[in-house]
Amino acid sequence: MSILIKQLILPKNKYLVFTSAGVNSNLAHWLKGYRNFDLWISYYGDEDNKFKNEAEYYIAKKGGKFPNFHYCYNQWNDIISQYDAIMIMDDDLIFSGADISQLFQIQEKYNLWLLQPAFDRRGKISFSITETHAFSKLRYTNFIEVTCPLFQKEKLAEFMAIYDPILIGWGVDLWYSEILSKQDTQHNKIAIIDEISCINPRDKTKQNKMREIDKLQNTDMRQQIWKSIQTRNNLDLQFKDQKQ
């Protein structure tokens, strides 16, 4: 059992960013500028207490960000439930603290259940729908990619109640997007925010060319697990614009 090595007595802010962090982390960018969020780091590397000073909450735990968040959510729900909105981020995103903070403000302003920043074309684009659109502030959609989703806490709680942590990457975004988009009958609760973008670094730019998620499960295994989850939960949402 992992322990919470560092924690706040009471939250400093009403928003929370969670990440699983390792050698390719770009956390320094997130700490720049105005911040309205607390940072929870689940460190999966081998150096003792690395990034501890950057975090309000800190544990040492191997694994992907959604399984690790699920673990923390169940272990310390009394802490996480105090936050109004939670963003679950890949650790390598290039993104300022000021921009992350503005996303939380947008979530509150528009009462969004789920959102993400658009992705800058200088980085990796897995789904064309997530590319930054010029002259757009936000676009309502039925899909938010798994890279850095920001959830209203009640909607994240709904997903955590059914999420199976055996699913570490492939299909997580399809799962929560289907659940929430079916509830979004007015089509105004899920959005990609074009006025705030971030860079998702391409794999070839990283120190370790192998993706961290591939160390946990290879692509074929992730696909097989997703298909079993999809069948078990009668999920049918598909997207045809994934870039290869």
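**View 1. Helix 2 meets helix 5 through aromatic and other side chains of both elements, including Phe66 and Phe159.** In this predicted model, Phe66, Phe69, His70 and Tyr73 of helix 2 are in contact with Leu156, Ala157, Phe159 and Met160 of helix 5, where contact means heavy atoms within 4.5 Å. Sorted by class, this contact comprises seven nonpolar residues, one polar residue and no charged residues, with Ala, Val, Leu, Ile, Met, Phe, Trp, Tyr, Cys and Pro counted as nonpolar, Asp, Glu, Lys and Arg as charged, and the others, Gly among them, as polar. The axes of helix 2 (residues 65-75) and helix 5 (residues 153-160) come within 11 Å and cross at roughly 100 degrees; such axes are lines fitted to C-alpha atoms, for helices over the stretch in contact, and the angles run from 0 to 180 degrees between N-to-C directions. The two helices, helix 2 and helix 5, are therefore roughly perpendicular to each other, a term that covers angles of 65 to 115 degrees. Helices (H or I, at least four residues) and strands (E, at least two) are DSSP runs numbered from the N terminus. Local features are given where pLDDT is at least 70 and side-chain atom pairs count only at pLDDT 80 or more, whereas totals for chains, interfaces and linings use all residues. Residues are numbered from 1 along each chain as its sequence is written, and side-chain values use heavy atoms, with hydrogens and water left out.

**View 2. Helix 2 is largely enclosed by the rest of the structure.** Nine of the eleven residues of helix 2 are buried, that is, under 20% relative accessible area, with exposed meaning over 50% and partly exposed lying in between (1.4 Å probe, protein chains only). Among the buried residues of helix 2 are Lys65, Pro67, Asn68 and Tyr71, and Phe66, Phe69, His70 and Tyr73, which meet helix 5, are buried as well.

**View 3. Trp40 belongs to the largest nonpolar core, which has 41 residues.** A nonpolar core is a set of buried Ala, Val, Leu, Ile, Met, Phe, Trp, Tyr and Cys residues joined through side-chain atoms within 4.5 Å. Within this one, Trp40, Phe66, Phe69 and Tyr176 touch the most other members. Leaving out residues up to four places away in sequence, Trp40 touches Leu4, Leu16, Val17, Phe18, Thr19, Tyr57, Ile59, Cys72, Trp76, Ile79 and Ile80. Another core, of 32 residues, lies apart from it and includes Trp30, Phe37, Ala85 and Ile100.

**View 4. Eight strands form an open sheet with mixed pairing.** The strand order is 3-2-1-4-7-5-8-6, and two strands are taken to pair if DSSP finds at least two bridges between them. Strand 3 (57-60) and strand 6 (138-140) stand at the edges with a single partner strand each, so one side of each is left without a neighbour in the sheet. Direction ignored, neighbouring strands of this sheet are turned by 20 degrees against each other on average. Helix 5 lies across strand 4 and strand 7, running at about 100 degrees to strand 7.

**View 5. Strand 4 (residues 85-90) is mostly covered, five of its six residues being buried.** Strand 4 pairs with strand 1 (residues 15-21) in the parallel sense over six bridges, and Ala85 of strand 4 is the bridge partner of Tyr15. Strand 4 is also joined by three bridges to strand 7 (residues 150-152), and these two run antiparallel; here Ala85 has Gln152 in strand 7 as its bridge partner.

**View 6. Leu114 in strand 5 is buried, with a relative accessible area of 0%.** Leaving aside neighbours within four places in sequence, Leu114 is in contact with Ile144, Pro149, Leu150, Phe151, Tyr176, Leu180, Lys189, Ile190 and Ala191. Strand 5 and strand 8 run parallel and are joined by six bridges, with Leu114 standing opposite Ile190 in strand 8. Strand 8 is mostly covered, as seven of its nine residues are buried. Strand 6 and strand 8 are joined by three bridges and run antiparallel, with Tyr140 opposite Ala191 in strand 8.

**View 7. Ile9, in the segment before strand 1, is exposed, with a relative accessible area of 85%.** Ile9 and Ile79 are 70 residues apart in sequence, and their C-alpha atoms are 9.3 Å apart in space.

Terms used:
Parallel < 35°, antiparallel > 145°, perpendicular 65-115°, else oblique.
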